[in-house]
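Hello,

Please find the structure below. My notes on what turned up follow right after it.

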Amino acid sequence: MSVRKRTWATRLGERKEAWIVDYADQEGTRHIHTFARKKDADEYHATVRVNVRAGVHTSSTMTVAEAGAKWLAEAEDRLEPATVESYRQHLADHIVPYIGRVKLSQLTMPLVREFMDRLRADKRSPTMVKRVIGDLGSILADAQERGKVAQNVVRSLSQRKKRREAERRQKHKLKVGVDIPSPEEIRAIVGKLEGRWRPLILTAIFTGLRASELRGLRWEDVDLKKAALHVRQRADKFNIIGKPKSASGQRTVPMPPILVNTLREWKLRCPKSEHGLVFPTGAGQIEYHSNIVVRGLAPAQIAAGVTTKNRKAKYTGLHALRHFYASWCINRKEDGGLGLPLKVVQHRLGHSTINMTADVYGHLFPSGDDGAELAAAEKLLLA
């Protein structure tokens, strides 16, 4: 790998010069690139040298359609037929018609954003756009492992989005009584829970499981003797059973006595289901999130008086109960909480990083230096 100067004369006797970057990639293929300025040649040389050593440099001519076909073939060996069929449909109907002929090396973040805009303009729903872009990211990840593309631009976009969301959370801190049900509101709601919704909503309150994790929970993952449940799968919004959102999502969560007793009673009359679900529909199918909210959570709130000025349910989704569980874990024992440290709260919630937990709930942790505690610490220090 080298940078060298090349000089020549034109037919008119004019002297010309250029700078050549000559290198072989990780597969041994030789490449020559010409630059007018030495500075540009040196910069390209430095970048290529790092990429070749890292094994991520590529000059592949593979297109998005070709990479998608390889990704789909690999998915057929490890995923359920229904999942593979949905991937096949996204590839054929939404990806290939728009960017199928684009080379992987030509994909950039602006081009992906333009692709998203075109999907929206052609009346694809926000949910469909999200799923299609997720599939594109998986295609690029597979191609990256094969050495056919150096960068996964979809993942880069996702990381930027996560940073923006973290910044947004820092600006909008969750508030008790606004975003998080207060202990008084939870007591009122618990007092009004009835029927098949009582065990489900109590589980949401006292374990903090995501809606998808509640809907995918199996009896084999509930240990009533040890008062613990294991999160090992989830049911997504399309009622497809799969693994938790991340490796950290697989976790064990302890249960308080009220929940253990409620689930023990519920198990005797729970509808049978093919998947052995704890909270199936009456017909034994996977329950929809909207049904839980509209038929279970909202009526309980209205009956408990936890409402807006218009007498509608104050909290519109199960995630509010997850927020409450987090606050209950954080609150001091003398205030009716568990007083758990940040790392334990992260594990209980199944967050992939402790930074995520701190970003969302860090402001709820007690400062530990109020007047009474300062006075007690001073007394111990100076005694």
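For the salt bridges, the rule is a side-chain nitrogen of Lys or Arg within 4 Å of a carboxyl oxygen of Asp or Glu. By that rule, a search of the whole structure gives 19 salt bridges. Keep in mind that this is a predicted model.

First, the overall picture. The chain has 15 helices and eight strands. Its radius of gyration is 28 Å, well over the 21 Å that the globule rule gives for 383 residues, so the chain is more spread out than a compact globule. Along the principal axes, the C-alpha atoms fill a box of roughly 95 × 65 × 45 Å. Buried residues make up 42% of the 383 in the chain. Now take the contacts with a separation of 6 or more. Of these, 54% come from residues 24 or more positions apart.

Next, the sheet. Three strands form an open sheet, and their order is S1-S2-S3. The pairing is antiparallel. Strand S1 covers residues 2-9 and strand S3 covers 30-35. Both stand at the edges with a single partner strand each, so one side of each has no neighbour in the sheet. From one strand to the next, the twist averages 30 degrees. In general, strands of a sheet pair through backbone hydrogen bonds. Here, eight bridges join S1 to strand S2, residues 15-24. To see one bridge up close, go to arginine 6: its bridge partner in S2 is alanine 18.

Back to the salt bridges. Three pairs and one network are worth a look.

- Arginine 37 and aspartate 40: their closest N and O atoms are 2.9 Å apart. Aspartate 40 is partly exposed, at a relative accessible area of 26%. Arginine 37 is also partly exposed, at 47%.
- Glutamate 85 and arginine 88: these side chains meet at 3.5 Å, N to O. Both residues sit in helix H3, residues 81-99. They are three residues apart there, which means about one helical turn between them. Glutamate 85 is partly exposed, with 45% relative accessibility. Arginine 88 is partly exposed too, with 32%.
- Aspartate 117 and arginine 120: the N to O distance is 3.1 Å. Helix H4, residues 109-121, holds both. Again the two are three residues apart, so about one helical turn separates them. Aspartate 117 is partly exposed at 44% relative accessibility. Arginine 120 is partly exposed at 43%.
- The network: salt bridges link Arg218, Glu220, Asp221 and Arg232.

Last, the cysteines. How many disulfides are there? The count comes to zero. The cut-off behind that is a pair of cysteine sulfur atoms within 2.5 Å. Two cysteines can be placed by their accessibility. Cysteine 270 has 9% relative accessibility, so it counts as buried. Cysteine 329 is buried as well, with a relative accessible area of 0%.

If you want a starting point, open the sheet and find arginine 6 with its partner alanine 18 in S2. Then move on to helix H3 for glutamate 85 and arginine 88. Helix H4 comes after that, with aspartate 117 and arginine 120. Finish at the network that includes Arg218 and Arg232.

Best wishes

Key. Residues are numbered from 1 along each chain as its sequence is written. This is a predicted model: local features need pLDDT of at least 70, side-chain atom pairs count only at pLDDT 80 or more; totals for chains, interfaces and linings use all residues. Side-chain values use heavy atoms; hydrogens and water are left out. Two strands pair if DSSP finds at least two bridges between them. Helices (H or I, at least four residues) and strands (E, at least two) are DSSP runs, numbered from the N terminus. Axes are lines fitted to C-alpha atoms, for helices over the stretch in contact, and angles run from 0 to 180 degrees between N-to-C directions. Buried means under 20% relative accessible area, exposed over 50%, partly exposed in between (1.4 Å probe, protein chains only). The radius of gyration is taken over C-alpha atoms; the globule rule is 2.2 Å times the number of residues to the power 0.38. Contact means heavy atoms within 4.5 Å.
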